[in-house]
Amino acid sequence: MRKLLKHRILWPIGALLALVLLNAVSRPSFLSITVRDGELYGSLIDILRNSAPLMLVALGMTLVIATRGIDLSVGAQMAISGAVALTIISDSKTPGSLGTVAVAILAGVAITFIFGLWNGFLVSVVGIQPIIATLVLMLAGRGIALLITGGFITTITSAPYAQMSQGYLIGFPFAFFVSLGAILVISLVVRRTALGVLTESVGINPEASRLAGVRSRGIVWSVYGVSGLLAGVAGILYSSNIMAADANNAGINIELDAILAVVLGGTSLAGGKFTLAGTVVGVFIIQTLTSTITFLGVPPAVTPVFKALVVIVVCLAQSRRVREWLSRIRPTRTPTTTTTTPVVERIPA
Amino acid sequence: MSVVMRGISVEFPGVKALDGVDFALRSGEIHSLLGENGAGKSTLIKALTGVYPIDSGRIEVAGRERTFTGTADAQSAGIATVYQEVNLCANLSVGENVMLGNEVSGRFGIDWRATYARARTFLSQLGLDIDPRSPLSSHSLAIQQLIAISRAVVVDCRVLVLDEPTSSLDRSEVDRLFAVMRRLRDQNVAILFVSHFLDQIYEISDRMTILRNGRLEGEYLVGELERPQLIAKMLGRELVELDSIGRSSERVIERTGDPVLRVLALGKRGSIEPMDLDVYPGEVVGLAGLLGSGRTELARLIYGADRADHGTVQVHGSTTRLSTPRHSVEHRIAFSSEDRRAEGIIGDLTVAENMVLGVQAKRGWFRRVPRARRDQIVDQYMDSLQIRPRNPQALIRNLSGGNQQKVLLARWLATDPVLLILDEPTRGIDVGAKAEIQRLVSELAERGLGVIFISSELDEVVRLSQRIAVLRDRHKVADLDNRQNVDVDDIVALIAKEGAA
């Protein structure tokens, strides 16, 4: 089992290392980390910080995809949670107090959690296809966010709120701890309880799982809730970074990056088996890539082309067929070692 | 000679699936391939149809040596295959499925009218009077199987491989299929037939080849070999003792007190008419009837897989709502579906994970089954049910049908049920495993478990059950007490009777 996991995650890690290496060679400053007032600075630290919103969203997306679903509304949900939190803070008489900020954050996240549950309801109870069910909120979400802010881009000044994405804790960016916390909590919940295996079971064969007594509906329902909740936290981080609730740009296209990260990590869009570790690596690949492209002076509008290239390379590398083909043109390797998976399938009835 | 295979060997890591097997298929004959699960039947078929490359040996088709590197090669050599599991596209129409890749082209691309007309001709050759424009998914599994066969006829094959085509067909459909097979044989097509039903093999085939443990046991004309000898050759030992099971039907059941399950007027419109059923502790109640007679539907209603719109269910004397599988699991009722692949196994999970799934589902997601308990369950059932290979970490989809069935049984037994509903637990598995499953059911009942046993093989139902409910056309037509030695023929007569229904 552990071997298999290693095997699956090998390629994404290879791609990440290759990217880091490319950067390190082309600009030696990439790897350097400086300490200022006990706080760490450098490109790598930036990647840790800036990847936090995508990390949260992609973790939720992994669970949703494992159940054969997809959540397109995460970007819109980010806009909503930011709008809610900032409206509360800006309406408050004490925008700088810790209490106000806590209430604002909780309210923002709670609302997206509820929206997530709404998605889950449409998918698991009403039986709408996930892509359509979440498309509704993807389209409506930014409008809802604009309604909340009254059509303006709400801006605030609040030191505790700024801390969320700009602050530091024991030398590292605070946002990094938020994503680290999410990774740890979700991994523990998924692997220490039976949630992981039941989610996989539902994703692999929903009907067989239902007949085995698994509460498939509850599981599908709740993964959308979790996805909404994480998107809400991501929205808080985003709005804290710019200290504004920008309904039109918060988390724009992040759903696509998140799906990309999940796939790069090795989780199949067909559902079933998933790997959180793979998703984490996938997020870092995307973030490093963005940083690389910015450094190379490529206009941001061209970024998608590079992302597409990486996706193609990693997906090809993960393809069983390509690997078989590669092993055939390398005669030194015996084919049995490189084609383990298909061979297992061939054991006769 | 249509096909000659010589010295075929196929190896998988650690397993020699085929070891120097010779096989010859002549034009204009129906040739059955026999052997237990794991004997190498599927592997030989897959070598012939280009699914697996062969490690040694040679394949000649119509006198020419061939090397198949894929199924397309085999098809272009005139070999068509119909597999046990229907390989069609459920979301396309019947006609599109039949003519897929052979559509009639007109001046502007595909001429659908002509394509459908041709599809209709091919279908009617098999005696199928169905609208080619209807969606495939609107037809029963049995009809889909026949559609798959008509697809093979379309490509004008010289060699037709039928891998368990009859496992989901009822008698009249089998007759229809056999008629088509005979017609094709008369047109000099070579037919390779695989089935677990020995009756059918004796009925339809001219010749038999028997495999055992990946080796050739021998080739015989059907007239040469009596059934007991055939089974002995397949198993490599004398016929499995079914005598101990034989006594099961005569066991006296204490029918006092509350039954484990009492079903009163349970029904669902368009599915089954309201009917009653009791199951007492330690009793095996058999459901007999043709495919579509309502036996599966009844089982699914009792379990809550489908929702009944009529009637009540009592468990241990108290009325309960079993409207979802979840409720039934809580009342310690277990149900094993007839469709092992779609409704039983979780293919990409391991044997151990599949086995523990029932217990885990019952505990809920929060309380994971502790490792020690899990290991104990796995060890216990791997041994007591003799699951092969004895590797809990193998993916369940790589196991043979019989072993998958045993894992599913283990999944339910681990939840400590009071009532076990088994729908076709012996379908598509080999003779040895069939006997094992039957013995297991009999032993479980002896220990006080209530069992509802459904099987198309009536001798199994008669052997195991103390009581038999006979269904026909969605009605229960009889309740038989098996202590009075019910005969298979009696049941057949009841099923076949043209009634008021």
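# Reading contacts and sheets in a two-chain model

Me: A:Tyr41 has a relative accessible area of 24% and counts as partly exposed. Into which class does A:Tyr168 fall, buried or exposed?

Reply: The model is predicted, a point to keep in mind throughout. Buried means under 20% relative accessible area. A:Tyr168 stands at 13% and is therefore buried.

Me: What links A:Tyr41 and A:Tyr168?

Reply: The two rings form an aromatic pair, with 5.4 Å from centre to centre and 45° between the planes. Planes under 30 degrees apart count as stacked and those over 60 as edge-to-face, so this pair is classed as tilted. A:Tyr41 belongs to strand β2 (residues 39-41) of chain A and A:Tyr168 to strand β4 (residues 168-169) of chain A, so the pair ties together parts 127 residues apart in sequence. The ring of A:Tyr41 has a further partner: the charged end of A:Arg36 sits over it, 4.2 Å from its centre.

Me: How many aromatic pairs are there over all chains, and which residues form one cluster with A:Trp118?

Reply: The count is eleven over all chains. A:Trp118 forms one aromatic cluster with A:Phe121 and A:Trp221. A charge over a ring is found at A:Phe274 too, where A:Arg191 lies over the face at 4.8 Å from the ring centre.

Me: How should salt bridges be read, and how many does the structure hold?

Reply: Side chains of opposite charge can pair when their charged atoms come close. Over all chains, the structure holds 33 salt bridges. One of them joins A:Arg49 to A:Asp46 at 3.4 Å, N to O. Both residues lie in helix α2 (residues 43-50) of chain A, three residues apart, about one turn of the helix. A:Arg49 is buried at 16%, whereas A:Asp46 is partly exposed at 32%.

Me: Which salt bridges in chain B may serve as examples?

Reply: B:Glu29 meets B:Arg26 at 3.8 Å, N to O, and B:Glu29 is buried, with a relative accessible area of 5%. In another salt bridge, the closest N and O atoms of B:Arg58 and B:Glu60 are 2.6 Å apart. Both of these partners are partly exposed, B:Arg58 at 37% and B:Glu60 at 22%. Elsewhere, shared partners join A:Glu207, A:Arg210, B:Arg300, B:Asp306 and B:Glu343 into one network of salt bridges.

Me: In what order do the six strands of the mixed sheet in chain B stand?

Reply: The order is β6-β9-β10-β3-β11-β12, and the sheet is open. Its edge strands, β6 (79-82) and β12 (215-221), each pair on one side only. From one strand to the next the twist averages 20°. Within this sheet, β3 (residues 30-34) and β10 (residues 190-194) run parallel and are joined by three bridges, with B:Ser32 opposite B:Phe193.

Me: Which helices lie across these strands?

Reply: Helix α6 (residues 171-186) of chain B lies across β3, β9 and β10, at about 150° to β10(B). Helix α8 (residues 227-235) of chain B lies across β3, β11 and β12, at about 30° to β11(B).

Me: What is the strand order in the four-stranded sheet of chain B?

Reply: The order is β14-β13-β16-β17, in an open sheet with antiparallel pairing. The edges are β14 (272-279) and β17 (318-320), and the twist averages 25° from one strand to the next. Three bridges connect β16 (residues 310-315) with β17(B), and B:Gln314 stands opposite B:Thr319 of β17(B).

How values were computed:
Residues are numbered from 1 along each chain as its sequence is written. Chains are lettered from A and ligands numbered from 1 in the order in which they are written. This is a predicted model: local features need pLDDT of at least 70, side-chain atom pairs count only at pLDDT 80 or more; totals for chains, interfaces and linings use all residues. Side-chain values use heavy atoms; hydrogens and water are left out. Two strands pair if DSSP finds at least two bridges between them. Helices (H or I, at least four residues) and strands (E, at least two) are DSSP runs, numbered from the N terminus. Axes are lines fitted to C-alpha atoms, for helices over the stretch in contact, and angles run from 0 to 180 degrees between N-to-C directions. Contact means heavy atoms within 4.5 Å. A salt bridge is a side-chain nitrogen of Lys or Arg within 4 Å of a carboxyl oxygen of Asp or Glu. Buried means under 20% relative accessible area, exposed over 50%, partly exposed in between (1.4 Å probe, protein chains only). Rings of Phe, Tyr and Trp (its six-membered ring) pair if their centres lie within 6.5 Å; planes under 30 degrees apart count as stacked, over 60 as edge-to-face and the rest as tilted. A charge sits over a ring if NZ of Lys or CZ of Arg is within 6 Å of the ring centre and within 35 degrees of the ring normal.
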